Amino acid sequence: MTEPAVPPLRKTSLYDRHVKAGARMVPFTGFEMPVQYTGIVDEHQAVRTAAGLFDVSHMGELEMRGEYAAQVVDYLITNDASKLVDGQALYTAACNEQGTILDDLIVYRAAQDRWLIVCNASNHDKMKAVFEKAAKDHCEFDDRTDATALIALQGPKAFEILALAGSDAANLATLKSFHFRDAVVANVKCTVARTGYTGEDGVEIFCAWNDAPALWDQLLELGKPLGLKPAGLGARDTLRLESRLSLYGNDIDETTNPIEAGLGWVVKMDKPTFVGKAALEKVKAAPLPRKLVGFEVTGRGIARHGYPLRDLEGKEVGICTSGSPGPTVGKNIGLGYLPAALTAIGTKFFVDCRGKNIEAVVVKTPFYKRA
Amino acid sequence: MNIPAGLKYTKDHEWTNASGNRVTVGITAFAVEQLGDITLVNLDVKVGDEVTAGKAFGTIESVKTLSDLFAPVSGKVVEINKELDSKPELVNEDCYGKGWMVILEASDAASTNQLLDEAAYAEHVKNAAH
């Protein structure tokens, strides 16, 4: 007997809920995850007009503790964690010494000596190694991924639904964007953060792995009359794309730097030091050869990840990193890297849709911004 | 899973409805379910073009994915469902009716006989779903 080449897929504690709800399950970063329940567009619209509930328990949760935890975290990320107060979170990139992106993260300051880092599931092993190594001799490191479930409640009705989940949950409406606190939601002990990946208002709720099913059931029941629906990875992708939120592995990876990816705003060059700073100084000193831009496909076609981008002479000049129909914007949209000369708003170019040159135009992003 | 009797099916999840040489072609409910919300039906052929059995003659795209459309039989395109240009969702709503894609004039009227009947296709779907 030989060992199977691919390890068996893992299940979140909500797996049975997804299957019972009729979700189509797909392998995703080592987990069996719901890609859709009723349909991507239906779930997408629910999040834009009411609310959606997402199981994102596959994400990685890393904890750094101790007197020097703050310095270690700040050293590993491009954004400035030193300005955070307790209960505040920060979106950031983490780079390597070459200044390219290891992962995009949210770091949470629970206390000066206690930090939570949420990383992409696809980067969990890598980021665990990065943080664990950096913590060595300086602070304590703990991988909380297996013990932590994460449920995202997103949409204009998110706080109305939370208000039904107990008095403590009702008070969460005062939480500011990118702030978090411990709370009891539907009798479950949680940490609730006003963050998300949909472009809508809402929260992401951390709880113990085995508490997630009870929380999931109660939120769905409370939210149903308000239009809450479970939403899968498919809708998560169209929602984040319309809001121009980067997807690691598509728009950003270890071959891209945050400046060209449009993430310059999370790179704080005035920090004394951080991994990748020297390389990013060089990137910033020179004109950017290419940039990640948003575009609309004006011809008949849908851009997809990996499709070549061509100039109007037909020469291959770039690559599409994300693309799909945008259900709310009602257009076929995408993100892609283009040479700087072709990145001005209104610039026309072609997306090579499997051998056919389909016209597209660079547009302002985000494609969708909530009112 | 809706698999109407009287139609003939391909392993690529297309249905055919033959009346003499005229063969109407669409995609099955199983294909629609796999694709999800259909947003674009792109036919690479026009009326009068010849198609070859098993060769792609267009693509169908959903929010998430893209799939080739294969000609179930060889023949000439005699009609195209123009309505799908502006209303691709008809394929989701009524894949065996208003969501039809093309009508072919089969070069061999007997060619659909070689395709799967509903029982054989149901068996094929059962295996494909696992």
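**Close-up views of chains A and B**

**View 1. Chain B, overall.** Of the 130 residues of chain B, 41% count as buried. The model is predicted. Chain B holds 4 helices and 9 strands. Read from the N terminus, its elements follow the order β-β-β-α-β-β-β-β-β-α-α-β-α. The C-alpha trace of chain B spans about 35 × 35 × 20 Å along its principal axes. A compact globule with 130 residues would have a radius of gyration near 14 Å, and the 13 Å of chain B agrees with that. Take the contacts in chain B between residues at least 6 apart in sequence: 63% of them join residues at least 24 apart.

**View 2. Where chain B meets chain A.** On the chain B side, 9 residues are in contact with 11 residues of chain A. Which element of chain B gives the largest share of the side that touches chain A? Strand E4 of chain B (residues 38–43) does, with 3 residues. By class, this side of chain B has 3 nonpolar, 3 polar and 3 charged residues.

**View 3. The largest nonpolar core.** This core has 102 residues. Ile117(A), Ile151(A) and Val185(A) touch the most other members. The core lies between domain 1 (56–224 + 244–286) and domain 2 (287–363) of chain A, because both domains give residues to it. In soluble globular proteins, nonpolar side chains tend to be buried together.

**View 4. Around Val185(A).** Here the view centres on one of the core residues that touch the most other members. Leaving out residues up to four places away in sequence, Val185(A) touches Leu162(A), Ala165(A), Gly166(A) and Ala169(A). Also touched by Val185(A) are Cys190(A), Val192(A), Ile205(A) and Leu215(A).

**View 5. A second core.** Separate from the largest core is another of 31 residues. Among its members are Ala31(B), Val32(B), Leu69(B) and Leu115(B).

**View 6. Leu222(A) and its surroundings.** Leu222(A) lies in helix H7 of chain A, residues 212–223. Is Leu222(A) buried or exposed? Leu222(A) has 20 C-beta neighbours inside 10 Å. The cut-off for a buried residue is 20 or more, so Leu222(A) counts as buried. Apart from neighbours within four places in sequence, Leu222(A) is in contact with Ile161(A), Leu164(A) and Ala165(A). Ala165(A) is also touched by Val185(A). Ser324(A) is 102 residues from Leu222(A) in sequence. In space, the C-alpha atoms of Leu222(A) and Ser324(A) are 32 Å apart.

Methods:
Residues are numbered from 1 along each chain as its sequence is written. Chains are lettered from A and ligands numbered from 1 in the order in which they are written. This is a predicted model: local features need pLDDT of at least 70, side-chain atom pairs count only at pLDDT 80 or more; totals for chains, interfaces and linings use all residues. Two residues are in contact if their C-beta atoms, placed from the backbone, lie within 7 Å. Helices (H or I, at least four residues) and strands (E, at least two) are DSSP runs, numbered from the N terminus. Ala, Val, Leu, Ile, Met, Phe, Trp, Tyr, Cys and Pro count as nonpolar, Asp, Glu, Lys and Arg as charged, and the others, Gly among them, as polar. A nonpolar core is a set of buried Ala, Val, Leu, Ile, Met, Phe, Trp, Tyr and Cys residues joined through C-beta atoms within 7 Å. A residue is buried if 20 or more other C-beta atoms lie within 10 Å of its own, exposed if 12 or fewer, and partly exposed in between; C-beta atoms are placed from the backbone. Domain bounds come from an automatic or database domain assignment. The radius of gyration is taken over C-alpha atoms; the globule rule is 2.2 Å times the number of residues to the power 0.38.
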